[in-house]
Structures are given as structure tokens and as C-alpha cells.
Amino acid sequence: MEDPESLGFEHMGLDHRLLQAVTDLGWSRPTLIQEKAIPLALEGKDLLARARTGSGKTAAYAIPMLQLLLHRKATGPVVEQAVRALVLVPTKELARQAQSMIQQLAAYCARDIRVANVSAAEDSASQRAVLMEKPDVVVGTPSRILNHLQQDNLKLRDSMELLVVDEADLLFSFGFEEELKSLLCHLPRIYQAFLMSATFNEDVQALKELVLHNPLSLIRGKSLLFVNTLERSYRLRLFLEQFSIPACVLNGELPLRSRCHIISQFNQGFYDCVIATDAEVLGPPVKGKHRGKGPKRDKASDPEAGVARGIDFHHVCAVLNFDLPPTPEAYIHRAGRTARANNPGIVLTFVLPTEQSQLGKIEELLSGDSGAPVLLPYQFHMEEIEGFRYRCRDAMRSVTKQAIREARLKEIKEELLHSEKLKTYFEDNPRDLQLLRHDLPLHPAVVKPHLGNVPDYLVPPALRGLVHPHKKRKKPLASKKAKKAKTQNPLRSFKHRGEKCRPTAALS
Ligand code: AMP
């Protein structure tokens, strides 16, 4: 059953606790289905896999599921306990087997990941108690799961990220079709789905259309936004501010303490977005590649240049290149800030038609000798975001050169003030250090509050219902100013999550 040619589990970027469990189970190599499915699943793709009992199919979905859950828990202190994965199976016996396999694989992270099986028809009260604890994974037959959903014992709409349908071909033939359809109404609009089936018959095709429907996937978590000049950092910050999206600029002109504080708070989950240039994150710019309009700073003589070199950004889920990196090396450095330590991450880059040759050089370096394409076009329907065109134009108009100059001056003044405090006052009052924020609005331009409220008709149909006020992040500041800064903003959650195409991988 094991595939002797396959790459070992240790090359899949799995958490060491999962690897330990796999070793304890005595599995030296992944089976064929595991070898194919696990890497694709870890990339966030939906799976339709032809897999029979005995092929190792349970682990083929359970391993990436556990890896994703562990990653979720590791990406910051703000992650709430919630049911994030649902495993649907056609029989009680299969539910028991699936739960047992998942638990064996989670043996070394049992405290972090709880798995509940609610397939037994009897004992509804004790199942309700178990579900109230919000186990990370719930396993069950469609009828039992639907029952709990209808009784409000189980809520999945706001938290479920992963759906597994095991033995999919049997679900319809066992008469679960109607229950399954009703159940799907209780799920969020977007989630990753794995469909495991011994055969690809008409029922599975129908199920595939019901379940693997999502053309979108989402950017979740913390993002690093790269631009090529400091002036553009502030342009972007003020543009986002127009939509009430807070962001910090990592600016080499700010006091060192402020910059270190921004990175440290980003790592602790206080901020979602940090805007940076290569110079601030990676140190002095690559020779002869200064593309900005502003004065060229002598980084070699600036002892504080590239402040972040010694400090790492943690748990960066996405790197967004608003400007194409000036060199292929800069691209690699930027991209290297995400997907670290076996965590998933994405890099999105805006490229102008005039920058095609520069993009070609980046692709060349990335693909190496293989020549295989590494960068993929970002697929989305332009018409879906057409409604934002006028708002964006309005916002851009407000971000004038004068506004940018004022914002930079204002921030430097404020941060100098903070820096003094950081040095003296905060040494004696370390708790108050937590209260300082660097992403408060600068407001050099008129902010039109309506831009921050996105009516439903502007939201792409596939994202409607998802665009609700963003989850509260850590709130270090109790002042009036801070309360104002964290006003709920639907666009922010849309923008922050972004959209990208999630291809479905069919394996057989
Ligand atoms: P399943 O197809 O999920 O029902 O799995 C069938 C059996 O294969 C189970 O008893 C697993 O313990 C075993 N198994 C799963 N993956 C592997 C592997 N990579 N190496 C050896 N045995 C495995």
C-alpha cells in the first residue's frame, strides 16, 4: 500500500507532532493517495479524490486537516475556540473509525485539537454538552449533524473552514441526499472541501457541484504590504485610511524604538497590516536599484537602517506586493516573509503592463533550471469589483502629495513623542506599553465615512454574507481616539481577506 517512490512525510512541511504520531503508527512512507492529496490540501485546494477503504484515505484528509488546525491555533493569541472542521460519513461505524484515526494522528496535540463523534443516535444530551465545548473537529452522519444544527447545539456558519465528505458515493445511496442539502444551508459560504469517494458516479458528480462550489478563497490573518518607496507607503496608508482600514508604516525615519514596537505588536496580533519598503525590512537597497522619486538615503551610514533585519515578522499569512519588487532577489526576500516554518502563506503581486520584462526576470530566477512556471495569474472577475471603481477613484483623489507630506510629518512628530515615552516612562510602566498604537488614523485628508461602509450590492455575490464587521483584534488602547479607530468596517474584512481563485484538484 505504501508508495516506495513517494516523498516521505518529513518532506511535506508537517508539524513535528504529526510526524511523531505518524512514526508511532509505524508508517514509513505516505500511500499514493496521501502523497498526492496532502500537498494539494495544504495549498488550500479543494480535493476530489478517488480513494477506497484501505488506501490510507482517512489520513489523506486527516493529516492536512490537523496541520491546518494547528496552524490556525499558532497564528496568534486572538484565535477563538470554535468548530473549524466537519467530517461527514455515511455510517456510525465509519464515524467511529474516522474519529479514532484522527485522534491517533492528533495524539501529540490532543490538548490543542479536540475531536468529537456525534454519530450515535442516542445520547443527544451528552453530545450537546460535548458540542457546547466547541471541539475543533466534529465527525458524524449527515442526519445527526443536521439534527444538532437544527437544535442550535452546533453552529458552523461563522467558524467552519474545512468540510470533509468521506465515502461520498455512499452518502446518496444511503438516502442522505435531502439531509445533506439542508445541512449545506448551515455552512459558511466559503470553506475548503475534501470529497473522498471510491467511485466517481453521478451521485458524486451531484455532490461535487453542491460542495466544491467555491471559486474563492480568502486571505486571512496578518499581511505585509510592500511598496517601492516611502512616499508610496504613505500613499497606500492614506488610501486605506479612506476606507477606515488601519495600517502601520514601517518607516526608517521613525525612531528605532517605534519601529521595533510596531513589529513586536504585529507579531502579537495587534495589527493586521504593516506597510513596508525593501529598505526598511531587508536593509540597504540593492546597488543601483533606487526607483523612488524622493532623496536617496545613505543606508550604509544609517545604523538603524533595515531595522527589521534582526527581528522577524511572525505568522505572516500574505505578502502583498503593491509595487513589483525592483529585483528578483527583492521578490524572494519579500516572499520569504510568509509561509515560514511550514506555515501556509500566499504572495500576491500587482504588475503593470510595462513591467512584464521585470516580471520575466523574477520568474526566471524562481523557476531555475526546471523552467516550470512558478507564478500563477491571479484569477478574478473584474466585473465583480466594478462597483468599487468610483469609491477607489474618490479615495485616490483625496490622497494628494500635500496630504502625504502632512501625514509623514504628523506621524514623525507623534512617534518621537512616543519614543521618548518608550524610553523613560515605559521602563517604569511596562504594562502601559501595550496601550500604544501605531495605526491610528493620520487624517491629513478629509475622510468620507461612507467609504468605510460597504453596502451589500457592492460586494461580489460570492462574498455576500461574509462581509460582516471584522472580528475584534487585540485592543490595547482604551482611549477615545482608539475607540474611534476600531469602528467596525465591513470593507476592511473584505479587503483584508481579499479574494483569489482556489482551483479544485481532482485525484484518481
Ligand atoms: P483507510 O484507507 O483510511 O481506511 O486506511 C486503511 C489502513 O491503512 C488503516 O489501518 C491505516 O492505519 C493504514 N495506513 C494509512 N496510512 C498508512 C501509511 N502511510 N502507511 C501504512 N499504513 C497506513
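## Exercises on a predicted chain

Arg50 has Ser197 of strand S6 as its bridge partner. The model is predicted: local features require pLDDT of at least 70, side-chain atom pairs count only at pLDDT 80 or more, and totals for chains, interfaces and linings use all residues. Residues are numbered from 1 along each chain as its sequence is written, and side-chain values use heavy atoms, with hydrogens and water left out.

**Exercise 1.** Determine which strands pair with S6, and whether S6 is buried or exposed.

*Solution.*
1. Strands (E, at least two residues) and helices (H or I, at least four) are DSSP runs numbered from the N terminus; two strands pair if DSSP finds at least two bridges between them.
2. Strand S1 (residues 46-50) is joined to S6 by four bridges, in parallel.
3. Strand S5 (residues 162-165) also runs parallel to S6, over four bridges, and Val165 stands opposite Leu195.
4. Buried denotes under 20% relative accessible area, exposed over 50%, and partly exposed in between (1.4 Å probe, protein chains only).
5. Six of the six residues of S6 (residues 192-197) are buried, so the strand is largely enclosed by the rest of the structure. One face carries Gln192, Phe194 and Met196, the other Ala193, Leu195 and Ser197, and all are buried.

**Exercise 2.** State the strand order of the five-stranded open sheet and identify its edges.

*Solution.*
1. The order is S9-S10-S8-S11-S12, with parallel pairing.
2. Strand S9 (248-249) and strand S12 (346-349) are the edges, since each pairs on one side only.
3. Two bridges link S9 to strand S10 (residues 273-276); Val249 has Ile275 of S10 as its bridge partner.

**Exercise 3.** Describe the largest nonpolar core and the surroundings of Val137.

*Solution.*
1. A nonpolar core is a set of buried Ala, Val, Leu, Ile, Met, Phe, Trp, Tyr and Cys residues joined through side-chain atoms within 4.5 Å.
2. The largest has 42 residues, of which Met65, Val87, Ile102, Val137 and Val139 touch the most other members. Helix H3 (residues 57-74) supplies its largest share, ten residues.
3. With contact taken as heavy atoms within 4.5 Å, and residues up to four places away in sequence not counted, Val137 touches Met65, Leu69, Ala85, Val87, Ile102, Ile113, Arg114, Val115 and Ala116.
4. Another core of 39 residues lies apart from the largest one; its members include Phe243, Phe266, Ala395 and Leu451.

**Exercise 4.** Locate Thr327 and give the partner of its side chain.

*Solution.*
1. Thr327 belongs to the loop between strand S11 (316-321) and helix H13 (328-335).
2. Its relative accessible area is 3%, so Thr327 is buried.
3. A polar contact is a pair of N or O atoms within 3.5 Å; within protein, one must be able to donate a hydrogen and the other to accept it, and residues adjacent in sequence count only if both atoms are side-chain atoms. The Thr327 side chain reaches the backbone nitrogen of Ala330 at 2.9 Å.

**Exercise 5.** Characterise the ligand environment.

*Solution.*
1. The ligand is surrounded by 15 residues, the closest being Arg29, Gln34, Gly54, Gly56 and Thr58; a residue is near a molecule if one of its heavy atoms lies within 4 Å of it.
2. Polar backbone atoms lie 2.8 Å from a ligand oxygen atom for Gly54 and 3.0 Å for Ser55. For Lys57, a backbone N or O atom lies 3.2 Å from an oxygen atom of the ligand.
3. The protein covers 75% of the 500 Å² of accessible area that the ligand has on its own, with areas from the Shrake-Rupley method and a 1.4 Å probe.
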